[in-house]
Amino acid sequence: MDLGLRGKSIMVAAASRGLGYGIARQAAKEGARVSIAAPTEPRVHESAKCLREETGAEVISCAFDARDEGSITEWCNTTIAQFGGIDGLVVNAGGPPAGLFDDFDDSDWQAAFELTLLSSVRMIRSVLPSMRERGSGSILTVTSSSVKEPIDMLLLSNVMRSGVTSLAKSLSQQLAGEGIRVNNLVPGAINTDRLRGLMQTQSERTGVPFEEISKARAATVPMGRFGEADEFGQAGAFLLSDAAAYITGETLVVDGGAMKTVW
Ligand code: NAD
């Protein structure tokens, strides 16, 4: 199936590695022009070079921090200057730290709000003028299975990502008439640095070896394994594309069957 992404201008946040990179890679393979951003230089530029070399796609990269409105605006302006406008945005950032209610004070809650929820508002706000000018666009937020089943030890993430889900659903209603779709893509357990880091934290807290935790966690997935960033990326490329033209306000779960909710 031709997804219809060829020549489309797609911005992917937090894409130097992991899930963002997985989506950027699949979009680039489909012929999209891709603009990736992440905080660490030279890593983000190296990742863009890899994408260019592998796919032959036009790929640009910017250093940005999702918590900094100025750098979001700069990334957006750079993309418009290079690609002439924006067709798609993937809202993504690093995850808030793990912990229980008693572990966090106001400053932790504020930091999680800025990293996960406020950054989503700001990224979406920055691309809307260009999408409105084009009369079309696709926005995708990367959230977590915690929006359906809160995850132990990830309280900050559970709460802030529910806000992002609500934001996306509300915006999907508001923007549908303008040709702009908004969806959420939910990773279950996808084999990235983030997942490995969380299991490492769990190992340090409990004294259970990392390998044991990893094996036990993978065994909870009906498919018996973690997902790969490329598998997540393929679902992302689909939702960004015209192949998903009649899908908006949806939450698509990529989790190997791990979630047991009916909806
Ligand atoms: P990762 O650690 O592999 O990659 C994180 C990416 O975010 C990197 O490119 C990093 O540079 C970037 N980043 C970090 N801090 C940032 C900031 N302040 N501003 C902008 N970019 C920043 O993680 P991942 O697995 O790709 O996870 C991406 C998101 O999905 C995270 O929020 C994570 O919590 C969430 N998530 C992941 C999983 C999973 O199984 N991998 C499951 C549920 C939710």
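The predicted model holds 13 salt bridges. One of them joins the side chains of E54 and R25, with an N to O distance of 2.5 Å. E54 belongs to helix α2 and R25 to helix α1, so this pair ties together parts that lie 29 residues apart in sequence. Side chains of opposite charge can pair in this way when their charged atoms come close.

The chain is divided into two domains. Domain 1 takes in residues 9-188 together with 228-253. Domain 2 covers 190-226. Domain 1 is therefore written as two segments, and the residues of domain 2 are numbered between them. The C-alpha centres of domain 1 and domain 2 are 25 Å apart.

The interface between the domains was examined next. Domain 1 contributes 17 residues that are in contact with nine residues of domain 2. The size of an interface is often given as the accessible area lost when the parts come together. For domain 1 and domain 2, the area buried between them is about 990 Å². Carbon and sulfur atoms account for 51% of this area.

Charged and polar pairs also cross the interface. Three salt bridges are found between domain 1 and domain 2. A salt bridge links the side chains of D193 and R17, at 3.1 Å from N to O. D193 falls within the bounds of domain 2, and R17 within those of domain 1. Four residue pairs are in polar contact across the interface of domain 1 and domain 2, with both partners at pLDDT 80 or more. On the side of domain 1 that touches domain 2, helices α1 (18-29) and α8 (229-240) each supply at least two residues. The largest share of that side comes from α8, with three residues. By class, the residues on this side of domain 1 comprise eight nonpolar, four polar and five charged.

The ligand has 28 residues around it. Those that come nearest are L19, A93, R161, I190 and T192. I190 and T192 carry numbers within domain 2, whereas L19, A93 and R161 carry numbers within domain 1. Three backbone approaches to ligand oxygen were found among the polar distances. A backbone N or O atom of L19 is 2.7 Å from an oxygen atom of the ligand. For G188, a backbone N or O atom is 3.2 Å from a ligand oxygen. A polar backbone atom of A14 is 3.4 Å from an oxygen atom of the ligand.

Backbone geometry adds detail at two loops. Most residues other than glycine have a negative phi, and most peptide bonds are trans. A14 has a positive phi of about 55 degrees, although it is not a glycine. A14 sits in the loop between β1 (9-13) and α1. This residue also supplies the 3.4 Å backbone approach to a ligand oxygen. A cis peptide bond joins E41 and P42, with omega of about 0 degrees. P42 is located in the loop between β2 (33-38) and α2 (43-55).

Technical notes: Residues numbered from 1 in each chain as written. Predicted model: local features only at pLDDT ≥ 70, side-chain atom pairs only at ≥ 80, totals over all residues. Heavy atoms only, no water. Contact = heavy atoms within 4.5 Å. Buried area = accessible area lost by both parts, 1.4 Å probe. Salt bridge = Lys/Arg side-chain N within 4 Å of Asp/Glu carboxyl O. Polar contact = N/O pair within 3.5 Å; in protein donor to acceptor, adjacent residues only side chain to side chain. Helix = DSSP H or I, 4+ residues; strand = E, 2+ residues; numbered from the N terminus. Nonpolar A, V, L, I, M, F, W, Y, C, P; charged D, E, K, R; others polar. Near = heavy atom within 4 Å.
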